[in-house]
Amino acid sequence: MTLKASKRSDIPMFRALDILREANKRAADGENIMRLEAGLPCFGVPQPVLDYAKQVIDSDPRQTYTESLGMSLVRDRISLYYRDRYGVDFDYSRVALTAGSSGGLSMAFMSAFDVGDKVAICTPTYPPYRNIINSLGLQVVEIQTSAETDYQPTVELLEQCGEKLDGLVICSPSNPTGTMIAEDELERICNWCDTNGVRLISDEAYHNITYEEPAQTVAKFTDNAIVLNTFSKYFAMTGWRLGWMILPEELIDRVKRLAESYFVSPPTISQHLAYKSFDHMDVLDGYVAYYKKNLDILKAELPKAGFDKLSNAKGAFYVYADVHHLTNDTEDFCRRMLGEAKVSMTPGLDFDVSRGHTTVRICYADDTDDIAEACRRLQEWQK
Ligand SMILES: Cc1ncc(COP(=O)(O)O)c(C=O)c1O
């Protein structure tokens, strides 16, 4: 007898993984593939931070649980960072360390919303928002954005959505577009959410990976928002699985109780690494300068291969291309590109269910020579 599996877990697979698997297979078979499909830094943790981790393990090999919201030392370091970096002052008790920002995402939705609540996401979007919202029995309201607003929401788009929202998720700089919400618009969105009783969830995972103006945190404009951030991107600690949240006062205890039951505590050794990482931001800023060089190459070279409708990327390590003039089926397009040009990109359907068949995401956190080579191959391919 086959027993049932829950409906809530029946969420879509990431289509991007098909391309990833195919690219992995080809690479394993000896093909020289230029990889623009992944979504993680090409660098690792700075060496002195790793050395520190070794010292910590040597002096305390047990590495037991910590408090469920994380070590006070690290939470305090994060609140100091907000004072220095953003000029925003809050007590460390509002900081919760989480198992990646993915751990924070699920606790954000669980602590703030009940089954049936309406939460808006802005497409193209980071796909887990939709999947987590659906799996928790909340309703997804989709706000479609376009190149006209740099694929970001505006107060006007929120007004037009015509739904009484309980929540709104924003992401600036964005995965998959790399675009940002300008500071004055961010403040308007925060005010709009406060006026309309909408709980704002701001995913700031790509803060500090910005190339023009620095990103501003919503914590500067409102105390009602849940801020999510991570050590995976700027801090290059992807596999160490640590993120953080800044919580409104009324959610601190709720998240603490959820964290106790769902996770017990965030990974201990990763908290030590994270603490030390704040002393080596000069190295991390060097990584950002490297990404910027790659983005400049893409902006100059991709249009020569017909990819001339690029998002106005100013941060993260993604650029999003509207390729409707080249294909009406980006899954097939990306598969052909991989087979013929030996370049891998992510088709847009994961990010935008209704329009992603004409878009692709390009990740440029990779070797600069490979980025240049990928452009050369694409130019040849599209001749
Ligand atoms: C926008 C965004 N938010 C959150 C995450 C999750 O990152 P992590 O769980 O590694 O912190 C990612 C990962 O790609 C992301 O792109």
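Student: Before we start, what counts as a helix here?
Tutor: A helix is a DSSP run of H or I, at least four residues, numbered from the N terminus. Keep in mind that this is a predicted model.

Student: Okay. Where is Ser-9 placed?
Tutor: Ser-9 sits in the segment before α1, and α1 covers 16-28.

Student: Buried or exposed, that Ser-9?
Tutor: Exposed, because Ser-9 has 8 C-beta neighbours inside 10 Å. The cut-off for exposed is 12 or fewer.

Student: How far is Ser-9 from Ser-135, C-alpha to C-alpha?
Tutor: 6.2 Å separates the two C-alpha atoms. Along the chain, Ser-9 and Ser-135 are 126 residues apart.

Student: New topic, the ligand. Which residues come nearest?
Tutor: Gly-100, Ser-101, Ser-102, Thr-230 and Ser-232, out of 13 around the ligand.

Student: And which helix gives the most to that shell?
Tutor: Helix α4, residues 100-112, with three residues.

Student: How do the shell residues divide by class?
Tutor: Nine are polar, three nonpolar and one charged.

Student: Switching to helix packing. How do α10 and α12 cross?
Tutor: Their axes cross at roughly 10° and come within 9 Å. Angles under 35 degrees count as roughly parallel, so α10 is roughly parallel to α12. For the map, α10 spans residues 281-301 and α12 spans 368-381.

Student: Which residues meet there?
Tutor: From α10, Lys-293, Asn-294, Ile-297, Leu-298 and Glu-301. From α12, Thr-368, Ile-371, Ala-372 and Cys-375.

Student: What about the classes in that contact?
Tutor: The α10 contact with α12 has five nonpolar, two polar and two charged residues.

Key: Residues numbered from 1 in each chain as written. Predicted model: local features only at pLDDT ≥ 70, side-chain atom pairs only at ≥ 80, totals over all residues. Axes fitted to C-alpha atoms, helices over the stretch in contact; angles between N-to-C directions. Helix = DSSP H or I, 4+ residues; strand = E, 2+ residues; numbered from the N terminus. Parallel < 35°, antiparallel > 145°, perpendicular 65-115°, else oblique. Contact = placed C-beta atoms within 7 Å. Nonpolar A, V, L, I, M, F, W, Y, C, P; charged D, E, K, R; others polar. Near = placed C-beta within 6 Å. Buried ≥ 20, exposed ≤ 12 C-beta atoms within 10 Å, placed from the backbone.
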